[in-house]
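Here are a few notes to read alongside the structure. Take them one at a time, and find each residue in the viewer as you go.

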Amino acid sequence: MASGGGNNRNGTHRNSLKGTTTTSAASTDKPLSVNSNPSKPAFKNKSSPLTGASSGLRKSSPGSLGGGAAKDDAGVPGRVRVAVRLRPRNAEESVADADFADCVELQPELKRLKLRKNNWDTDTYEFDEVLTEFASQKRVYEVAAKPVVEGVLDGYNGTIMAYGQTGTGKTYTLGRLGEEDTANRGIMVRAMEDILAEVSPEIDSVLVSYLQLYMESLQDLLDPTNDNISIVEEPKSGDVSLPGATLVEIRDQQSFLELLRLGEAHRHAANTKLNTESSRSHALLMVHVKRTVKGREPAHSSDNGNSTSMARSLRPPLVRKGKLVVVDLAGSERIDKSGSDGHTREEAKSINLSLSALGKCINALAENSAHVPVRDSKLTRLLRDSFGGTARTSLVITVGPSPRHRGETASTIMFGQRAMKVENMLKLKEEFDYKSLARRLDIQLDKLIMEHERKQKAFEVEIERITAEAQNRISEAERNYADAVEKERLKYQKDYMESIKKLEEKWMMNQQNQGNERKEQMVHIAEEVAEVKKLLSKETSLRKAAEEEVDNLKSQLAQLKMSEALANSEILKLQKMVEDEVCQKEKLEGEISMLQSQLLHLSFEADETRKRLDRGGPGKVPGGLDSPVSQVRSQLKDSGNGEKASVAKLFEQVGLQKILSLLEAEDADVRIHAVKVVANLAAEGCCMFSGFSHLVESNFSMSGIFNPT
Ligand code: ADP
Ligand code: MG
């Protein structure tokens, strides 16, 4: 535990620890190095069965007091350090043992203790630190306690425990307040001084509980009414907590001293009540140190930007929680079970229970036993992290010099020797402090709410102001508007009245003009009406006449229609007749063409005849042109008394044209014959000559030669 002071002392140096976290928070990168420097194996003389045994490094077994916590991750090996302190002879011993040598002899430079067995034989034991009767309280603190306290400040659990027979100086070592002489201050006071010197009151906290364990009952020395405090073990971390214990925050040394005094007073009162001595009970001081890791707390005024500020303010601070347990154990001497010292057998059993359970656990741990009976007593449950757990543990065994108590002293030494073999795995108790973050955020939230409310208030005031201003403006605008409207209305009314007046005047003028014009128009209209009437009557009469005419025409039309019908039938008849005539005409034309050809032939013959006659004698008919005539004559002679065929034949032979041309012949006789032929032809009723006879008739009448009779 201690190596004689200076930098080389056996306890780990403050800044030479390296640990791992036991929390789920991200592990922190500690610049600390391991220097657990386990002590040399306990040295024993040749008679000791443990001679040469090496404490070595020991891993926490599942059954260790701190097994639960050690399971998470391997910590740094940290063997339990043991110092032995010898109390100087007191007045009584100086008298009683005046003729006897002390039962122990210390060799502090060799860290050895020699226990006198008899005048010629001693057992030698080596400890981490050997503190003589001249060792000052300061030195004891520095070698036995300070490394543990520093570990606590760095976030490790720590235990400082005093074990020894009643009256050997446990309370003197641990609990002396040093009121009469500050040099006498014990470990508790000095530890608190160091702690308070290190923490920052604004961001760190130091909370203290002070308890007494007597007959397996845990009493609150800061609140005597709280006399049965239960122990709660957290299954995951293996941490032990006492939710029922009073926790007092310590801000200065004076208040801590007050608290220790109060606790001592309550302890005395409780022991008087229980009719026992303080030596029969265990006193436990628990100091919870929570420190915020520097450099991880949120920056305040020096923030550069809002986002950085926000990110930082939302990052939970990293805190280290170290718990220092200072245990002033009950006297290690066995309570007499015979009841000779006033205790019943059951009481003696109960009083001894915790201490003997602690011894058993330490034995088990020292021997690396599979089973460590942690749960056998409240003390072992409370100290499960101190032996085989994650705490840095320092044990001070106190011995007296008197040979009369040699047995107890030997027992104490053996306890210390076994405790030296217990290896803890130190673990840093570091975590993100979400509660503090929540608190900080709450504060920020409150500030923001206040700010918001302030702004809201200002905003409301501003709104009210703007509203009032707006109202004023609106009413002013309304007034202006009303005025303007009224003005406009008056103007328009005036304009309207003027317009009306003008219109009335115009109307009056128009009325006058219209009167004259109307008279003229009336005369004109009357004239026009008279004229129109005249025209109308004329038109009426004309219309009447027209109507009569129409009626007339209608009757005429009816007559015409009738005559048209008659005419149509007549026309049909005539058409029929015309068709017949056409047919006849075609026939006659055929006959005429035949007659013409005959006539031509006859003419030719006549011409021939005449020529012959001219050449031959008079008996002959004078020729030339008479040839047709003679032909006609002969024909007529041949025909006798009117044979139809002869005339027709003649007509056919001579031809109509020839006959007609004879009608105009110079020879009257010829003309007469021709007329006769034609007349005969007509008389024969030749249809072709029915119309033609008229022509001949007229021709002859004109010529005066024709007489049908
Ligand atoms: P314990 O608590 O072990 O029963 P105490 O601490 O009460 O023993 O000590 C018993 C007596 O011895 C006390 O009067 C105390 O002042 C005295 N004493 C103990 N250790 C020393 C020491 N190292 N130097 C001087 N006096 C001591
Ligand atoms: Mg005591």
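1. Let's start where two helices meet: Q137, K138, V140, Y141, A145, K146, V149 and L153 in α3 touch I187, R190, A191, D194, I195 and E198 in α5. Sorted by class, the residues of this contact are 8 nonpolar, 1 polar and 5 charged. Please keep in mind that the model is predicted.

2. Now look at how these helices are arranged. Helix α3 covers residues 137–153, and its axis lies 9 Å from that of α5, at an angle of about 45 degrees. That angle is neither under 35 degrees nor in the 65 to 115 range, so α3 and α5 are oblique to each other. Their crossing is right-handed.

3. Helix α5 (residues 187–198) also meets helix α6 (residues 253–273): the two axes come within 10 Å and cross at roughly 150 degrees. Angles over 145 degrees count as roughly antiparallel, and α5 and α6 therefore fall into that group. This crossing is right-handed.

4. Which residues make the contact between α5 and α6? From α5 come M188, V189, M192, E193 and L196, while α6 supplies Q253, F256, L257 and L260. By class, this contact has 7 nonpolar, 1 polar and 1 charged residue.

5. Finally, a word on cysteines. How many disulfides does a search of the whole structure find? The count is 0. As for surroundings, C361 is buried because its relative accessibility is 0%, whereas C583 has a relative accessible area of 43% and is therefore partly exposed.

How values were computed:
Residues numbered from 1 in each chain as written. Chains lettered and ligands numbered in written order. Predicted model: local features only at pLDDT ≥ 70, side-chain atom pairs only at ≥ 80, totals over all residues. Heavy atoms only, no water. Axes fitted to C-alpha atoms, helices over the stretch in contact; angles between N-to-C directions. Helix = DSSP H or I, 4+ residues; strand = E, 2+ residues; numbered from the N terminus. Left-handed = near helix turned anticlockwise from the far one by under 90°. Contact = heavy atoms within 4.5 Å. Nonpolar A, V, L, I, M, F, W, Y, C, P; charged D, E, K, R; others polar. Disulfide = S-S within 2.5 Å. Buried < 20%, exposed > 50% of the residue type's maximum accessible area, 1.4 Å probe, protein only.
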